[in-house]
Amino acid sequence: MKRWVFVLVVGIGFLVVTLLFSREDPNVIKCGSRIMGPGDVCESTKGSRVVDEDTYDEMKAAAESRAETFRDHGIWMAGVGVALTGVGATMLIRGKRRKARAVAAARQDAQWQAQPGFPQQQGFQQAQGARFQSPPQPQWQPGPGQQPYPPQQFGPPGHGGS
């Protein structure tokens, strides 16, 4: 189940990246929230120190490269994202339904076994020391003109004779 969550998260990640690239306009170059123009320099600072400087031309070239990459590969990224998201969601739902069915079947089995008179339960009670005595078997006594031994009996005791 964890692998399907992973597949779902990766699929959503592909969709988010695709969405972010599709919304980027390569003609509007920003430094933070400020729109830049030709000849501007964007400075990145950490504390009071300048860490990085990027010119408008460098940032525009990078934005155009990202836009071209998206045009070339964006449809595939979106397709992979949709496919992974669909497979992950489908398998998660199927797994949850399968688990719910197994729990329902286990409850039903437990319910059947808990009913009085269920043969498995009777056997269990006998095994647990419930005293069970079979009805007394009649003893054969020879009558006048009969042999002094009982007739041969086939099958379980108390069922048959000749």
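Where is the place of I12? Good morning, everyone. I12 sits in helix α1, and I'd like to use that helix as our way into this structure. One thing before we go on: this is a predicted model.

Let me begin with confidence. The mean pLDDT of the protein chain is 78, and 72% of the residues reach at least 70. Among the elements, α1 has the highest mean, at 87, while helix α3, residues 119–127, has the lowest, at 52. As a reminder, where pLDDT is low, the predicted coordinates should not be read in detail.

Now the overall layout. The chain has three helices and four strands, and along the sequence they run α-β-β-β-β-α-α. There are 162 residues, and 12% of them count as buried. The accessible surface is about 13400 Å², with 58% of that belonging to carbon and sulfur atoms. As for contacts between residues at least 6 apart in sequence, 47% join residues at least 24 apart.

Back to helix α1, then, and two of its residues. I12 has a relative accessible area of 41%. That falls between the 20% limit for buried and the 50% limit for exposed, so I12 is called partly exposed. Together with V16 and L20, I12 makes a nonpolar surface patch of about 270 Å².

T18 is also found in α1, which covers residues 2–23. Is T18 buried or exposed? Its relative accessible area is 8%, which is under the 20% cut-off, so T18 is buried. Leaving aside residues up to four places away in sequence, T18 touches F70, G74, M77 and A78.

Let's move past the helix to I29, in the loop between α1 and β1, the strand at 30–31. I29 is at 4% relative accessibility, again under 20%, and therefore counts as buried. Which residues does I29 touch, not counting those up to four places away in sequence? They are R34, I35, M36, Y56, M59, K60 and A63. Take Y56 as an example: I29 and Y56 are 27 residues apart in sequence, yet their C-alpha atoms are 7.3 Å apart in space.

That brings us to the largest nonpolar core. Its six residues are I29, C31, M36, C42, Y56 and A63. If you'd like another member to click on, try C42: with the same sequence neighbours left out, up to four places away, C42 touches C31, M36, D52, E53, D54 and M59.

That's my tour. Thanks for listening, and I'm happy to talk it over.

Key
Residues are numbered from 1 along each chain as its sequence is written. This is a predicted model: local features need pLDDT of at least 70, side-chain atom pairs count only at pLDDT 80 or more; totals for chains, interfaces and linings use all residues. Side-chain values use heavy atoms; hydrogens and water are left out. A nonpolar core is a set of buried Ala, Val, Leu, Ile, Met, Phe, Trp, Tyr and Cys residues joined through side-chain atoms within 4.5 Å. Buried means under 20% relative accessible area, exposed over 50%, partly exposed in between (1.4 Å probe, protein chains only). Contact means heavy atoms within 4.5 Å. Helices (H or I, at least four residues) and strands (E, at least two) are DSSP runs, numbered from the N terminus. Patches are made of residues with over 30% relative accessible area and no salt bridge: like charges are joined within 9 Å, nonpolar side chains (Val, Leu, Ile, Met, Phe, Trp, Tyr) within 5 Å. Accessible areas come from the Shrake-Rupley method with a 1.4 Å probe; for residues, only the protein chains shown count as cover. A salt bridge is a side-chain nitrogen of Lys or Arg within 4 Å of a carboxyl oxygen of Asp or Glu. pLDDT is the predictor's confidence in each residue, from 0 to 100.
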